[in-house]
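Biologist: Could you take me closely through one part of this model, the place where two domains of one chain meet, and set it in its wider context? I would like a connected account rather than a list.

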There are 2 protein chains.
Amino acid sequence: MAVHEVLAAVLQVRSGSLQVLLWQRALDPDKGRWSLPGGRLGPAEDVETSIRRQLAEKVDVRQLTHVEQLAVFSAPGRVPGERVVATAFLGLVPCDVDPVLPEDTAWHPVAALPESAFDHDAIVQKARDRLRAKLSYTNLGFALAGREFTVSTLRELYSAALGYRVSATNLQRVLSRRGLLEPTGSTAPPGPSGGRPAALFRFVARGLQVTDPFAVFRPPSPDRPARSARWP
Amino acid sequence: MAVHEVLAAVLQVRSGSLQVLLWQRALDPDKGRWSLPGGRLGPAEDVETSIRRQLAEKVDVRQLTHVEQLAVFSAPGRVPGERVVATAFLGLVPCDVDPVLPEDTAWHPVAALPESAFDHDAIVQKARDRLRAKLSYTNLGFALAGREFTVSTLRELYSAALGYRVSATNLQRVLSRRGLLEPTGSTAPPGPSGGRPAALFRFVARGLQVTDPFAVFRPPSPDRPARSARWP
DNA sequence: CCGGGTTTTCGCCTAACAAGCGAAAACGGG
DNA sequence: CCCGTTTTCGCTTGTTAGGCGAAAACCCGG
């Protein structure tokens, strides 16, 4: 018999850095420290429904472009007092929205977290690592970007999330070849210092999908060109 | 307030197919159906400690070469009666052991599961998918293989786990290039019908490690040859 | 309206890796 | 000692990531 809570590390790229949504605890334990949004699992909801419901108190749910389970945190003494088992989530918000936040809530760069409550910093690290990994072999970028964007802004998003500078040329090429990116046809107005107007792109699909080229030892499949189809 | 249980899909390649450890329920609910090993989370243990403890009743724990969290299953009605939230695990057993099993326990091919209890079949599917994915971009094969093996037997393991025939040549090449495989120097005795004796190999590391070549958009790093290190 | 500065986009090239194929190597058995 | 069998290795090909620089397309000031 244990209390079950759900917690989410909601990430967004803001002003060039990857940030996480935290709220400051008004009561003990860990009063004054920053913790992840979430709360107790209700009796008639599964964990994903629950975290979406609880996040609605912090941000508009419709602005959450992606939610996925991260892991269970269950060390016996992870919170003082009663035993609490937590299911942690990764949530993503696109860069073109700026949700109104409650008083006690604010964004913090994941690279410089404030004093955080309990084991919540470990959860944030895990969320960041998951995001970084999935940017490489999925179309998860759609959850960070707006509906339409230029390659330059997409480059800034990837650079901020990954923690290192990414080549815009290569980014466009790789995502295009994988069939994840498509041009809208129109262009964005050039910046104040001029320059060629950038073409607008969008992600072909806005749901998570994995690119399988990372799957090796593949069998020759009928849909792929089938480099040659004979097996011992 | 909900009961928390831990469940594990323990997989092993046996007689050429991927199989999962199940036990047959002697009591209602779902009497007679097959379910995953596991049980209630104890008050002083985290979920991984708990699943390892509970699996010890089924198989010798030292034979478990890999254990990882899969996901939380928490649909309100997933088991009748009291609310039960489950943390599901993937467990792997190398092919060269054959644990003694309790009466009610047996291996079943994941491709042809018997009538299984509750949502346990969904957990098994998820475990299978996770294994298949990780075989491609990690050294997880070490958990399926024995300490030493020939390329042919490794090929059979990968073929069984992935569900399609794998080229032995390519398997050895890819794993070697990634620095995961090394020859022991000795050879295995040839089969009854003769043939060149096969060289024995082992995995360099027996803990899980990810091969990053699947990470794209990488920065030029000092350790890698650094094709050329200049950035705009 | 023409040229300089700026930003984006595209083409060409290279490197790395997966993958297929066939020849050679290394055994046992008649 | 030749033959069938199994393994291993080298050669080659196709695909993808990645780097570099030129051309394209805009603004603005003279």
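Modeller: Buried area is the accessible area, taken with a 1.4 Å probe, that two parts lose on being put together, summed over both. With that in hand, and keeping in mind that this is a predicted model, we can begin with the division of the chain: the domain assignment splits chain A into domain 1, residues 3–135, and domain 2, residues 136–214. The C-alpha centres of domain 1 of chain A and domain 2 of chain A are 26 Å apart, and where the two domains meet, 17 residues of domain 1 are in contact with 19 residues of domain 2. Between them, domain 1 and domain 2 of chain A bury about 1,600 Å², and 67% of this area lies on carbon and sulfur atoms. On the domain 1 side, Arg132(A), Lys134(A) and Leu135(A) supply 43% of the area that domain 1 buries against domain 2, more than any other three residues. Although Arg132(A) and Lys134(A) are among these three residues, the rule finds zero salt bridges across the interface of domain 1 and domain 2 of chain A.

The helices give a closer view. Helix α2 of chain A covers residues 120–137, helix α4 of chain A covers residues 151–162, and the two pack at an angle of about 135 degrees with their axes 9 Å apart. Angles over 145 degrees count as roughly antiparallel and those from 65 to 115 as roughly perpendicular, and α2(A) and α4(A) are therefore oblique to each other. From α2(A) the contact is made by Leu131(A), Arg132(A) and Leu135(A), and from α4(A) by Tyr158(A), Ala161(A) and Leu162(A). Sorted by class, the contact of α2(A) with α4(A) has five nonpolar residues, one charged residue and no polar residues. Arg132(A) and Leu135(A) thus appear in the helix contact and also among the three residues named for the domain interface.

As for the wider context, chain A has five helices and nine strands, and its C-alpha trace spans about 60 × 60 × 30 Å along its principal axes. Chain A also meets chain B, in a contact that takes 43 residues from chain A and 43 residues from chain B. The area buried between chain A and chain B is about 3,300 Å², of which carbon and sulfur atoms give 64%, and across this interface of chain A and chain B the rule finds zero salt bridges.

Terms used. Residues are numbered from 1 along each chain as its sequence is written. Chains are lettered from A and ligands numbered from 1 in the order in which they are written. This is a predicted model: local features need pLDDT of at least 70, side-chain atom pairs count only at pLDDT 80 or more; totals for chains, interfaces and linings use all residues. Side-chain values use heavy atoms; hydrogens and water are left out. Axes are lines fitted to C-alpha atoms, for helices over the stretch in contact, and angles run from 0 to 180 degrees between N-to-C directions. Helices (H or I, at least four residues) and strands (E, at least two) are DSSP runs, numbered from the N terminus. Angles under 35 degrees count as roughly parallel, over 145 as roughly antiparallel, 65 to 115 as roughly perpendicular and the rest as oblique. Contact means heavy atoms within 4.5 Å. Ala, Val, Leu, Ile, Met, Phe, Trp, Tyr, Cys and Pro count as nonpolar, Asp, Glu, Lys and Arg as charged, and the others, Gly among them, as polar. Domain bounds come from an automatic or database domain assignment. A salt bridge is a side-chain nitrogen of Lys or Arg within 4 Å of a carboxyl oxygen of Asp or Glu.
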